[in-house]
Amino acid sequence: MASITIRNLDSEVKDLLRQLAAENGCSMEEQARAMIRAAVEGRAGQAGRIDQIEEKLRALTGSKEQATPVVAASGKPVPRGSLSGKRILLIIGGGIAAYKALDLIRRLRERGASVRVVMTSAAQEFVTTLSVGALSADHVFTELFDREDEHDVGHIRLSREADLLVVAPATADLMAKLANGHANDLASTVLLATDKKVLMAPAMNPKMWAHPATRRNRASLQKDGIAFVGPGKGEMAESNEAGEGRMAEPLEIVAAIEAMLDEKPKPLAGRRFIVTSGPTHEPIDPVRYIANRSSGKQGHAIAAALAKLGADVRLVSGPVNIPDPAGVATTHVETAAQMKEAVESLLPADVAIFVAAVADWRTTNAAGEKIKKVAGEGPPSLQMVENPDILAGIGHHAQRPGLVVGFAAETQDLIRNAEAKLKKKGADFIVANDVSHESGIGPSGVMGGDRNKVRIVSRSGVEEWPEMGKDEVAARLAALIAERLQTIVV
Ligand code: C5P
């Protein structure tokens, strides 16, 4: 959900908000959020005075259309108009994931975007120009030299007449071509000729994705400013193949597109953030490790929320089963020692947020071979040693970022423990969450679940936030940090 600076609202809106917030016993920001949610879901008319300011709030959140409820197959309302007037040039590469591009076209058009499509010849082996043309309601472009074609607009115009180029699926071949400047068909020529932003959604066999050549190409493309969404992990189309290489789902690609085309003010533009997320795995032997229940959902959501506000976010993630957040440069690590090294290599930064649930201990010497169960010998005894505290290290570092934020997941004495960590670790504030069963949060709890209830503990006191989705906690935290950065010099 968008963040709103109440200060920037005009006085008439502020007065109305203040009254409604007082009546409902919540903050003005919570009231504004509830109203925007209602407007987006088409419930606005139910609440008398909401109508009066709905128009202005919609303008603030960038939504240009009337909030008519549009319901997707899932039953959830579609945020119509989020891409209103945007022109997407979609390049479909040749892979089994090309079928998902059909759904992507539908989702983009549902949100008000116009979609023009270029298909490689390999893509046409997987989906037809007929179905793509029917969904995009436009001619489908396939040939570089097609002077006979009355629709031919040339590769320069194709890229010029778009706001964003999206390659989905981005095959290993398309990535290699652009990384090396090849232009021997329409898709690669358009990509090389464009002066617009490019988003790639890679999809390929995990071995191809892991190949050093593909990794090199990805790194060069990222250096050239190409954005990536996915790939995720999972089953491949080929039998018995699984791993990293599945194309991001259409809605994840839509979210990445929305983020890239978002023209709202970017209060964190030019600020560099380091965020840690997920658990760490501390090896016992090549097949066993010590871990914890952290899913990475909260840390990844925070990284995504900061990126939405324009921040340059470097995420260091332990092993998780969720995709890298869109628009965030992510480094994957396994152990606490690797996480520490990755974080230190990313200094200097303006802000560092330590969300990861770092394992407190590791074994002194992980066995090189699998430890065998030997009859009569009993279990092996593990020698443990404490892991470095990454947050404390950065909190007292010579290159300490101007703002350092820690998390504290506790099952008891939440506030006392958070206050102690604030001091010991040199943090500016600690986001404390109760991960006990008594927290009352859903059947899956905070760790692994989608909801969270946090308190912000700082030297100036404790601020309690209501229970909300992890995305919303992330958006509020990003807004809070943006506000703090306006008042401190970093
Ligand atoms: O594990 P603990 O409750 O002390 O974690 C509190 C904070 O410290 C969290 O922000 C966590 O990311 C960070 N931490 C860390 N390195 C550790 C342990 C914790 O950065 N080894």
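A residue is classed as buried if 20 or more other C-beta atoms lie within 10 Å of its own, as exposed if 12 or fewer do, and as partly exposed in between. The model shown in these views is predicted.

**View 1. Surroundings of Glu410 in strand S17.** Glu410 is placed in strand S17. This residue counts as partly exposed because 16 C-beta neighbours lie inside 10 Å, a count that falls between the limits of 12 and 20. Leaving aside residues up to four places away in sequence, Glu410 touches Asn417, Ala432, Asp434 and Val435. For one of these contacts, that with Ala432, the C-alpha to C-alpha distance is 7.5 Å, although the two residues are 22 residues apart in sequence.

**View 2. The open sheet and its edges.** Eight strands make up an open sheet of mixed pairing, in the order S13-S12-S9-S14-S17-S18-S20-S21. Strand S13 (329-332) and strand S21 (461-464) are the edge strands, each pairing on one side only. With direction ignored, neighbouring strands of this sheet are turned against each other by 15 degrees on average. At the S21 edge, strand S20 (residues 454-458) pairs with S21 in the antiparallel sense over four bridges. Val457 has Val462 as its bridge partner in S21.

**View 3. Helix H12 across three strands.** Helix H12 comprises residues 297-308 and lies across strand S9 (272-277), strand S12 (312-317) and S14. The angle at which H12 runs to S9 is about 165 degrees. S9, S12 and S14 also appear in the strand order of the open sheet of View 2.

**View 4. The shell around the ligand.** Which residues come nearest to the ligand? Of the 14 residues around the ligand, these are Phe354, Val358, Ile390, Leu391 and Gly406. Helix H14 (390-395) and S17 are the elements that give two or more residues to this shell. S17 supplies the largest share, three residues. Sorted by class, the shell holds nine nonpolar, three polar and two charged residues.

**View 5. Two cis peptide bonds that precede proline.** Most peptide bonds are trans. Gly230 and Pro231, however, are joined by a cis peptide bond with omega of about 5 degrees. Pro231 is placed in the loop between strand S6 (227-228) and strand S7 (232-235). A cis peptide bond also joins Leu347 and Pro348, with omega of about 0 degrees. The loop that holds Pro348 runs between helix H13 (336-345) and strand S14 (351-354).

**View 6. Positive phi at Ala137 and Asp413.** Most residues other than glycine have a negative phi. Ala137 is not a glycine, yet its phi is positive, at about 55 degrees. The residue lies in the loop between helix H5 (129-136) and strand S3 (140-141). Is Ala137 buried or exposed? Ala137 counts as exposed because it has 10 C-beta neighbours inside 10 Å, and the limit for this class is 12 or fewer. Asp413 likewise has a positive phi, near 45 degrees. Its place is the loop between strand S17 (403-410) and helix H15 (414-425). With 10 C-beta neighbours inside 10 Å, Asp413 therefore counts as exposed.

Notes. Residues are numbered from 1 along each chain as its sequence is written. This is a predicted model: local features need pLDDT of at least 70, side-chain atom pairs count only at pLDDT 80 or more; totals for chains, interfaces and linings use all residues. A residue is near a molecule or strand if its C-beta atom, placed from the backbone, lies within 6 Å of it. Ala, Val, Leu, Ile, Met, Phe, Trp, Tyr, Cys and Pro count as nonpolar, Asp, Glu, Lys and Arg as charged, and the others, Gly among them, as polar. Two residues are in contact if their C-beta atoms, placed from the backbone, lie within 7 Å. Two strands pair if DSSP finds at least two bridges between them. Axes are lines fitted to C-alpha atoms, for helices over the stretch in contact, and angles run from 0 to 180 degrees between N-to-C directions.
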